[in-house]
Amino acid sequence: GCRCRSSTQYRDLEVTGTVRRLQVAGGAGDAAGSMRDLLVWLPPSYDEDSARTYPVLYLFDGQNLFEDGATQWGDWGADETATELIRRGEIEELIIVGVPHAGGARGQEYVPFDVGRGFVPRGDEFRAWFVSEVTPRVERAFRVSGEASETGIGGSSYGAVIAMHIATRHPDRFGALLLESYPPVDRLSAAPRETLDAIRDWPERVYLGVGDRELGDNEGRNREYVAWNEALRDRIR
């Protein structure tokens, strides 16, 4: 990977390719008055053709996408994976936007319904902020196409929860949805399943991924993860 310098007074980012920081204000709940840096990964040809526009993929938990050691969850390798798939011609060039979570307020921001965890869900406030502030900011600063068919959104765990919430309320804006490790959020509350039952509109493409060892050696909870995602797959189909 190369050392990719940001344009602001921050340390260099250890990533493969080019990542630029884009500051945006706001959020939901306790994070509403904060500032955060979007991490925008650019494809190899971005600076070669100033007239070209690109598909865009928004991913939550942006701290996890590009750097090892940035969080306890390690590096998801989105930069290396995209670089290799583009090199092999398996995907077209795209822009990846990492939207960092708000630290201790992550659960509040990413959950739009009561999950029985004792915090006030602010997911719908986060949705409103994301579509009114984040996506327009990115579209002004970078050459994304803006077409729904070329706009994806995704996340893992609670990041998948908020991605699905946003995409199913704005299927005219997000044509692809990536759900990784979607957790069985109905264990302590009926609200998540009621919300799911009410969804009528889905993006054109949905991808689900789940492991059979999501929680290590906890076989019972691992089976819950798989069963929930299989049921979610069947419902979407």
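**Arginine 127 and the aromatic pairs around helix H3**

Apart from neighbours within four places in sequence, arginine 127 is in contact with His165, Ile166, Arg169 and His170. The model is predicted. Arginine 127 belongs to helix H3, which spans residues 123-141, and phenylalanine 126 and phenylalanine 130 of the same helix take part in aromatic pairs.

**Arginine 127**
- The side chains of arginine 127 and histidine 170 are joined by a polar contact of 3.0 Å.
- Arginine 127 counts as buried because its relative accessibility is 16%, and buried means under 20%.

**Aromatic pairs**
- The structure contains 10 aromatic pairs.
- In one of them, the ring centres of tyrosine 58 and phenylalanine 130 lie 5.4 Å apart with the planes at 85°, so this pair is edge-to-face.
- Because tyrosine 58 is in strand E5 (residues 56-60) and phenylalanine 130 is in helix H3, the pair ties together parts that are 72 residues apart in sequence.
- Tyrosine 58 and phenylalanine 130 are both buried.
- The rings of tyrosine 110 and phenylalanine 126 are also edge-to-face, since their centres are 5.6 Å apart and their planes stand at 75°.
- Tyrosine 110 lies in helix H2 (residues 106-110) and phenylalanine 126 in helix H3, so this pair ties together parts that are 16 residues apart in sequence.
- Tyrosine 110 is buried, with a relative accessibility of 0%, and phenylalanine 126 is buried with a relative accessible area of 0%.

**Aromatic cluster**
- One aromatic cluster is formed by Tyr58, Phe60, Tyr110, Phe126, Trp129, Phe130 and Phe174.

**Charge over a ring**
- Arginine 143 places its charged end over the ring of tyrosine 46, at 4.1 Å from the ring centre.

Note on methods
Residues are numbered from 1 along each chain as its sequence is written. This is a predicted model: local features need pLDDT of at least 70, side-chain atom pairs count only at pLDDT 80 or more; totals for chains, interfaces and linings use all residues. Side-chain values use heavy atoms; hydrogens and water are left out. Helices (H or I, at least four residues) and strands (E, at least two) are DSSP runs, numbered from the N terminus. Buried means under 20% relative accessible area, exposed over 50%, partly exposed in between (1.4 Å probe, protein chains only). A polar contact is a pair of N or O atoms within 3.5 Å; within protein, one must be able to donate a hydrogen and the other to accept it, and residues adjacent in sequence count only if both atoms are side-chain atoms. Contact means heavy atoms within 4.5 Å. Rings of Phe, Tyr and Trp (its six-membered ring) pair if their centres lie within 6.5 Å; planes under 30 degrees apart count as stacked, over 60 as edge-to-face and the rest as tilted. A charge sits over a ring if NZ of Lys or CZ of Arg is within 6 Å of the ring centre and within 35 degrees of the ring normal.
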